[in-house]
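Reader: I am new to protein structures and would like some help reading one. Could we go through a few features together?

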Amino acid sequence: MRTRTRTALAAAALAASLTAGASACTGGAPSGADRGRGGAANPATANAGAVVGGTPQKGGTLTVLSNQDFTHLDPARNWVMGDMDFGTRLLYRTLVTYRAAPGAGGGELVPDLAEDLGTPSNGARTWTFRLKEGLKYEDGTPVTAQDVKYNVERSFSPDLPGGPDYAARYLAGAEGYQGPAGGRHLDSVRTPDDRTIVFELRKPFAEFPYATVLPTFAPVPKARDKGPQYDNRPFSSGPYKIESYARDKKLVLVRNPHWDPATDEVRKAYPDRIEVVMGLKGGQVDDRLIASSGADASAVPWSRLRPESTPKVLTRPEVLKRLLAESSNCVDMLQMHTGRAPFDDVRVRRAVQYALDREALLTAAGGPALNEVATAAMPGSLFDGGKQPDVLGIPATGDPQKAKALLKEAGRADGFATSVTVSTGDKAVGEAVQQSLGRAGIKVTIETVDPSAFYDTIGDTKNRTDLVYTGWCPDYPSGSTFLPFVFDGRYVKEKGNSGNHSLFRDEPTMQRMDEIAALTDAEQAAKAWQELDGEILRKAPVVPAVSERMPLLVGTNVAGAFGHTSFGGQIDYATVGLKDPSKSGS
């Protein structure tokens, strides 16, 4: 119970800090800053859409302070926002990528390995990309189109689960394909020469260039592939290569001497060296960055600022100016195993929707300075006006009496026992779930999992808990990259399952998804996705809980730092560096 008390105290302090922080801001908030619930400027978002620290100087060591290891760095398996940001900005390049810019500018596609954004033909069923000249790996050998094809193919391998499955969803003839083992290849990915790659899709897909931003479309030379062990040592086509990697302890990157900046308009590669120090306690990371002394002045965090640390930042203007708090563009939700009793009964699932106290979850996640109560599955950026609708109209604090009535109707008037899996950093959120569902007679046991193992744990559909608390972020600004990945039951996997953790399989919903995907009018499709969002919520596979910002505090010697909206608000490693590299070792 002490953690719950500390969280409550942190929330109270946070509310006070908002008031103090607002009065401390002179001259008003920038035009892009959020307004608080009372209409006052939200000091936490003062740097939203801005670059902190000015332009970096070349050289020095950038340190990343982390409480966890990476989930995956193998580009065939890398599908967690922070890992994708780190991997595709530092270690490997993709056919297309996002511009390195704060705010809306970060949503613009630019060529990366490819010369342009791809050429469609055959009614957008065929896409052709031509690689730039002069692309090389860390050993000086050339990057080829065949290497990109090989990584796309290996993403189908059963022993490499957890990665993006756009290739499986869209490539023609991909049904039943199990990867390149035994010399089997996809006929729908052709490489007429070393610099040309052609994708044949099973249906028109005008948004395909956005999919090629994902690590699936990075090159992997076949001779370097070590199956699951490739996770420990991806072969670099980016500006840095791995010098050493001790799992759960430390990763060290040094410059790739064969990376040619003339071929790369995005990555600036300011630091000489990047060290990721793992295994730190979350509070320890926050305290070190707040103090920002010695080498910590040249450090950035891997994970978000903890709720209990937020008041220490918002009440101190000299620290607050180093806070990034870009929108994550993600929605956290409680997902229920719809294929397992009692959650195979929609009345039970609706009872959970009514029982959950989303205000309590918002408090546990850091309070209103950094979060908003979610009222839809998709983020506000995918709705007209940039705001989520409230289709269900359930009070943010829940309605326990309505929940009890639904349980009684389902024949469970006495409630039932269940369990929820949360990341160790979300234990307070788990307690909020436990307490709010307990008001309706649902007894919840909390299981915590280390962040680096979290997605593998909840992706094991046979052995996971009934409830999981997780989130989803669109890979690009379209409902097609949200609802199908979270609610299409045709792509649920026994191991390495991603997105659809409710295991929701509803035929009318899947049919409607196919109909929307076939629309050629983008505006009409966007509206249809918005309407489908509400229809899905009425069937209650999930409870949208919180729309979060990504609060990240950087050291005083850090420059070029901003949260990239297309990477969940994470620091863009393409441009971050140091003000004075000579101070990075002190």
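Reader: Which strands does α3 lie across, and at about what angle does α3 run to β6?

Author: Happy to help, and please keep in mind that this is a predicted model. Helix α3 lies across β6 and β7, and its direction makes an angle of about 170° with β6.

Reader: What sheet do β6 and β7 belong to?

Author: To read a sheet, follow the order of its strands. Here four strands form an open sheet, in the order β4-β5-β7-β6, with antiparallel pairing. The edges are β4 (119-121) and β6, each of which pairs on one side only. From one strand to the next, the twist averages 20°.

Reader: How many bridges link β6 and β7?

Author: Three bridges join β6 and β7, in the antiparallel sense. For one you can look up yourself, take Val189: its bridge partner in β7 is Phe199.

Reader: Is α3 largely enclosed or not, and why?

Author: The idea is to look at how many residues of the helix are buried, meaning under 20% relative accessible area. Nine of the 10 residues of α3 (residues 145-154) are buried, so the rest of the structure largely encloses this helix. Among the buried residues are Ala145, Val148, Tyr150 and Val152, and also Asp147, Lys149, Glu153 and Arg154. The buried residues of α3 pack against α4 (166-170), β6 (189-193) and β7 (196-200).

Reader: Now for a pair of helices. How are two packed helices described?

Author: Two numbers do the job: the angle between the axes and the distance between them. Try this on α9 and α11 (residues 400-409), whose axes come within 8 Å and cross at roughly 170°. Angles over 145 degrees count as roughly antiparallel, and α9 and α11 are therefore roughly antiparallel to each other. On the α9 side, the contact is made by Arg347, Val348, Arg350, Ala351, Tyr354 and Ala355, and on the α11 side by Pro400, Lys402, Ala403, Leu406, Leu407 and Glu409. Sorted by class, this contact has eight nonpolar, no polar and four charged residues.

Reader: How many residues of α9 are buried?

Author: Seven of the 10 residues in α9 (residues 346-355) are buried, so this helix too is largely enclosed by the rest of the structure. The buried ones include Val348, Arg349, Gln353 and Tyr354. At the start of α9, have a look at Asp345: one of its side-chain oxygens reaches to within 2.8 Å of the backbone nitrogen of Arg347.

Reader: What about loops? Where is Thr338, and does it count as buried or exposed?

Author: For a loop residue, ask about place, burial and neighbours. Thr338 lies in the loop between β12 (323-336) and α9, and counts as buried at 12% relative accessibility. A polar atom of the Thr338 side chain is 3.1 Å from the backbone oxygen of Leu503. Residues that Thr338 touches include Phe343, Arg349, Phe504 and Pro541.

Reader: May we try that once more, with Asp231? Which loop holds Asp231?

Author: Asp231 sits in the loop between α5 (208-211) and β8 (240-246). Its relative accessibility is 5%, so Asp231 counts as buried. A polar atom of the Asp231 side chain lies 2.8 Å from the backbone nitrogen of Leu73. Thr71, His72, Arg77 and Tyr245 are among the residues that Asp231 touches. Asp231 and Phe70 are 161 residues apart in sequence, with 9.6 Å between their C-alpha atoms in space.

Technical notes
Residues numbered from 1 in each chain as written. Predicted model: local features only at pLDDT ≥ 70, side-chain atom pairs only at ≥ 80, totals over all residues. Heavy atoms only, no water. Buried < 20%, exposed > 50% of the residue type's maximum accessible area, 1.4 Å probe, protein only. Helix = DSSP H or I, 4+ residues; strand = E, 2+ residues; numbered from the N terminus. Polar contact = N/O pair within 3.5 Å; in protein donor to acceptor, adjacent residues only side chain to side chain. Contact = heavy atoms within 4.5 Å. Axes fitted to C-alpha atoms, helices over the stretch in contact; angles between N-to-C directions. Parallel < 35°, antiparallel > 145°, perpendicular 65-115°, else oblique. Nonpolar A, V, L, I, M, F, W, Y, C, P; charged D, E, K, R; others polar. Pairing = 2+ DSSP bridges. Lists of a residue's contacts leave out its neighbours within four places in sequence.
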